[in-house]
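Me: I'm new to this one and would like a close look at a single part, namely the aromatic rings. Could you walk me through how they pair up?

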Amino acid sequence: MRLASLVKIKAMFRRVRVSVKRHRLVSLRENMSGNSLVLPIVLWSRNAPTHCISSLLVMDDLATIISGCHDGQICIWDLTPDLEINPRALLFGHTASITCLSKASASSDKQYMVSASESGEMCLWDVNDGRCIEFTKLACAHTGIQFYQFTIGTQREGRLLCNGHYPEILVVDATSLEVLYSLVSKISPDWISSMSIIRSHRTQEDTVVAVSVTGILKVWIITAEVSRMQDMDPVFEEESKPIYCQGCQSISFCTFTQLSLLVVCSKYWRVFDAGDFSLLCSVPSENDQAWTGGEFIAADKVIIWTEDGCSYIYKLPASCLPASEHFRSDVGKTAEGSIPPLVYSIADRADKQLLICPPVTRFFYGRREPFHKLLVQGDSAGRLTLWSIPDTSPLQPLSSAAELQVSSTISLQEAFDKLTPLPAGIIDQLSVLPGSEEPIKVTASVYIPSQGRLVCGREDGSIILVPATQTAIVQLLQGEHMLRRGWPPHRTLRGHRNKVTCLLYPHQVSPRYDQRSLVSGGVDFSVIVWDIFTGEMKHIFCVHGGEITQLLVPPENCSTRVQHCVCSVASDHSVGLLSLRERKCIMLASRHLFPIQVIKWRPCDDYLVVGCTDGSVYVWQMDTGALDRCVMGITAVEILNACDEAVPAAVDALNHPAVNLKQAMTRRSLAALKNMAQHKLQTLATNLLAADNADKGNLPKYSHNALVVQAMKTNLTDPDMHVLFFDVEAVIIQLLTEEAQRPSPTLVSPETLQKAPGGADKGGSFLANKIFKQVKETIKENIKEHLLDEDEDEEEEMRRREEKSKSLSLLEYNLTMDTAKLFMSCLHAWGLNGMLDEVCLSRLGMLRPHTPISFGLISRGGHMSLMLPTFKDSLLRQLARGSAEGRKLSVSEVVGKGTYGVSRAVTTQHLLSVISLANTLMGMTNATFVGEHMKKAPARPPRPGTPETPKKTAPQVSNPALQGQIKQGADEGQSSCLWVRLYELSFQIQAARP
């Protein structure tokens, strides 16, 4: 029975590896196509994300600190030569806790690092811009990774030596993350606790020394021939020796003498001779402290740290020093309990706050200037603390240890609080109550692309409906809207007694649901159904005994009754099927003993499958509500896998939609980019399809949205932060579609646009033809929609008008032009050309940002890097230091004060976006963002003492003379339109880049 289970588990692992390889191939194809450019912009809010640090890494140049957290994110911190710390970016992609970090390159030009998580994921990152270069997933979890570089002829190659919860050391290629070979034990194979690489300068052989969990030291010899191995037989150990170090925490090699090894266990630390592994010194812990690691900081000093964050520097006895005449004098007679002199004590946590998790401590020393010796500590509050270790001993006698002072410390929340202005949330202007400075936190969000609305649930139980582009413009850009009270127009839904925990717009997932229905869940145990157009509360479900944690939509092929239900999950371990049509609960599954982890479906058998955190699986019949079976072990795994094979699109993990960001971006960002098409476009009429079948070919219908707003949180207890995803190709297609639909005698058709001088060049002719064909098809679908609307009954038309009049009365505005306005205003290089900035403000209607814009970068497999709002501080500090030294700033540095200068990859994407959008707007007749929607806004009293600004109301877009000025140029001597000026400026920036 046991053998059969092992065989099944191995087969399951093989399937996991095959699926990962297939996923990598699909991602590679997506990246190579290069026809979709999506740019993220982040609104972080005033609350910094939770960052409970689990691992630390300092790069060799001591200019960057990397921290991984228990929630799966990675933070990049900038470190100045003066040891000032500033958080720069947050990396998303892992779905489990980060277990270890390691550098993955030795060159200073390309700084790469590799991360591993508890779920077996490995990612290779570019530290400079946060780009994911490669990723993979193995069936085993790593707890330690070390980088190893060797030379083959004149070429240097890198390897990653990985140890963890498996009885071997895996050797992985540092570029492709492929497992090449493994270091295996013949004698007493067991999990490896820690390992170290001993580099030999005298021979071509390097040594890997490791200690297993049972306290057996193992030695492998790596020669040049072994390093070149790929997919060959495993390499067995050269030596295996028991050293009786159970619970080994770390092992390190003394690079100063190359003759000593330091092994740290939880109750003692020991120094061994690196030649024959003889015991030289053994020191027990005091006061029941638990050691967690240590390093050599000099030939005669070691630093040891504990799990509560304390660190101690000891001076080694003469018997451990190779330069001493007493070296190895105590071999074989070392007495337990002899404690060497204590030089420094660091960070006594007696008066510190209680932390959720033990702090993580690591020691690093610079291999390039400046040659600092740094002790770095990260805790569960997202705080980094640095100590600079001096080379000299204190002047006071060694009988009393000196206290080493902190060199620098900062947390993410402290860095956010120092910013002026404070980082903005998505609806902060609508969430600040009178007499309070702190806005109400947003706890749940859903974006409806077809209507351009953002629905935000707050911690006071209210739900806000607001136009997404308008509220983003208020938070990021300057303008007249900053003086308006309660802008933009919004609606507040009140029904929950306390925090709203989840929101669902079912029609966005499947068109079988009524587009008026919005479903919300809260901590008051209730699920409420709303009419999104009228704001009316339709029904309240009170069937759960705990707060609602998730709302899901059943798959398409369920029974007719279940298809009109939503699935609700609560913290009392219950699952309900709530019928929106019958307005009652048709099934309540409430016998689960542990929290629910995953919901899966077996529609062909009418089964609802519930997976719990203890590994148990419950199978429920949906129509009858009866429990069919409860299983555990390998049978439970097989049932969950069978559900994946039957309905691969219906898998819903019970995490927040943005915690598992890799899955979300694979689905084109929260299933909104994939599942939500433009529902206003109906199918083409038969005659239009027949007339243009040959012209259309196999061109797929374009259904991407120009803007998608995604709510994210790094931890379930955090408030929502929001990421705005701009699809540049979708913006261009919608601009050209609306331009061609305008009833103007000078209408620019897709055919004439395609023949225009700036329409397409030889290099991009394929993409241009594709865009113009999609524009043409969209226009024809709109024509068909108009024809079908004329045939509707008058009663239906009156009903629709009545619903529209009852609806939110959100201001009537052009969603596409507002999206383009927000996008271009954020990307423009403000401050580079003052005259052009004034033209963009007064003539083109663009708005200047009033706060630094936090951009992002999407890379392979949906991995994403988001700039923190504090990234500009370190950038401007470098610029100020350069100007103080009398050095003339380059063009790229000046641009860095505005939009660009974040990283080369981000700058390239921004320049491509600005050039392509400016090129599109050059061919349009109404290429201006002057705000007509501000005049269409409902009349409301201005704030007391707020003067009316006639400057903004003077330009009229409908004025032909002004349109001629905008098209031909604002000044008499300007021969091209203003968009050409912006277009040329982008090329100048591109040419000035290093």
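Reply: Sure, let's go ring by ring. The count of aromatic pairs here comes to five, and keep in mind that we're looking at a predicted model.

Start with Phe-363 and Tyr-365, a pair that counts as tilted. Their centres sit 6.2 Å apart, with 40° between the planes. That distance makes the cut because ring centres have to lie within 6.5 Å to pair. The angle is called tilted because stacked needs planes under 30 degrees apart and edge-to-face needs over 60. As for cover, Phe-363 is buried, with a relative accessible area of 7%, while Tyr-365 is partly exposed at 24%. The two labels differ because buried means under 20% relative accessible area.

Now hop over to Phe-726 and Phe-823, which make a stacked pair. Here you get 4.8 Å from centre to centre and 15° between the planes. Phe-726 belongs to strand β50 (residues 721–727) and Phe-823 to helix α16 (residues 815–827), so this pair ties together parts that are 97 residues apart in sequence. What about cover for these two? Phe-726 and Phe-823 are both buried.

Back to the tilted pair for a moment, since there's another ring to add. Phe-256 joins Phe-363 and Tyr-365 in a cluster linked by ring pairs. So if you're finding your way around on screen, try picking out Phe-256, Phe-363 and Tyr-365 as a group, then go to the stacked rings of Phe-726 and Phe-823.

Terms used
Residues are numbered from 1 along each chain as its sequence is written. This is a predicted model: local features need pLDDT of at least 70, side-chain atom pairs count only at pLDDT 80 or more; totals for chains, interfaces and linings use all residues. Side-chain values use heavy atoms; hydrogens and water are left out. Rings of Phe, Tyr and Trp (its six-membered ring) pair if their centres lie within 6.5 Å; planes under 30 degrees apart count as stacked, over 60 as edge-to-face and the rest as tilted. Buried means under 20% relative accessible area, exposed over 50%, partly exposed in between (1.4 Å probe, protein chains only). Helices (H or I, at least four residues) and strands (E, at least two) are DSSP runs, numbered from the N terminus.
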